[in-house]
Amino acid sequence: DALPILDYIAAERIRQIEVEGYDAEHDSNYYENQLADAAICYLVKPGHRDTNPFYWPWDAQFWKPTPENRTRELSKAGALTAGQIDIELRNEKRNN
């Protein structure tokens, strides 16, 4: 059943918005696929990445891996992807 998986991603996206303040207005400052690039970093297995992956799009202080909790990392990746999708949808709407 896919719904519990989506619940993890949705909960992380809500946390990013409500706790971190990474709402649509904040995300509109990102460019060149930054949220998707960050998601990729969390998708890479812990043993296959540097402490600060070379393609991490922001300062090292924002790289917060949780290799002891892989589900959390994958939820972060999903939530970052959802944020990137939101950006793309807003851009499409604005351009149409």
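In the predicted model, Ala77 touches Ala39, Tyr42 and Leu43 when residues up to four places away in sequence are left out of account. Three of these residues recur in the description of the nonpolar interior, since Ala77, Ala39 and Tyr42 are listed among the members of the largest nonpolar core. That core comprises 11 residues in all, namely Tyr30, Leu35, Ala38, Ala39, Cys41, Tyr42, Trp56, Trp63, Ala77, Leu80 and Ile87. The elements that contribute two or more residues to this core are α3, spanning residues 34-43, and α4. The largest share, 5 residues, is supplied by α3.

Aromatic side chains of the core also take part in ring pairing. A search of the whole structure returns 5 aromatic pairs, and one of these is formed by Tyr42 and Trp56, whose rings are arranged edge-to-face with a centre-to-centre distance of 5.7 Å and an angle of 90° between the planes. This pair connects distant parts of the chain, given that Tyr42 belongs to helix α3 whereas Trp56 is placed in the loop between α3 and α4, 14 residues apart. Both partners are assigned to the buried class, Tyr42 with a relative accessibility of 4% and Trp56 with a relative accessible area of 8%. Trp56 enters a further edge-to-face pair with Trp58, for which the centres are 5.3 Å apart and the planes again meet at 90°. Trp58, in contrast to the buried Trp56, counts as partly exposed at 21% relative accessibility, a value to be read against the limit of under 20% that defines a buried residue. Taken together, ring pairs join Tyr30, Tyr42, Trp56, Trp58 and Trp63 into a cluster, and of these residues Tyr30, Tyr42, Trp56 and Trp63 are also listed in the largest nonpolar core.

Charged side chains were examined in the same model. The search of the whole structure identifies 5 salt bridges, among them a contact between the side chains of Arg15 and Glu12 at 2.9 Å, taken from N to O. The two residues are 3 positions apart in helix α1, which covers residues 3-18, so they are separated by about one helical turn. Their accessibilities are unlike: Arg15 is partly exposed, with a relative accessible area of 26%, while Glu12 is buried at a relative accessibility of 4%. Glu12 also forms a salt bridge with Arg72, with an N to O distance of 2.6 Å. Because Glu12 lies in helix α1 and Arg72 in helix α4, which runs over residues 70-95, this pair ties together parts of the chain that are 60 residues apart in sequence. Arg72 is itself partly exposed, its relative accessible area being 28%. Glu12, Arg15 and Arg72 are, together with Glu20, linked in a network of salt bridges.

A further salt bridge involves Glu73 and Arg70, whose side chains meet at 2.8 Å from N to O. As these residues are 3 positions apart in helix α4, they are separated by about one helical turn, an arrangement also found for Arg15 and Glu12 in helix α1. Glu73 counts as buried at 0% relative accessibility, whereas Arg70 is classed as partly exposed at 23%. In each of the salt bridges described here, a buried glutamate, Glu12 or Glu73, is therefore joined to a partly exposed arginine, namely Arg15, Arg72 or Arg70.

How values were computed
Residues numbered from 1 in each chain as written. Predicted model: local features only at pLDDT ≥ 70, side-chain atom pairs only at ≥ 80, totals over all residues. Heavy atoms only, no water. Salt bridge = Lys/Arg side-chain N within 4 Å of Asp/Glu carboxyl O. Helix = DSSP H or I, 4+ residues; strand = E, 2+ residues; numbered from the N terminus. Buried < 20%, exposed > 50% of the residue type's maximum accessible area, 1.4 Å probe, protein only. Core = buried A, V, L, I, M, F, W, Y, C linked by side-chain atoms within 4.5 Å. Contact = heavy atoms within 4.5 Å. Phe/Tyr/Trp six-rings, centres within 6.5 Å; stacked < 30°, edge-to-face > 60°.
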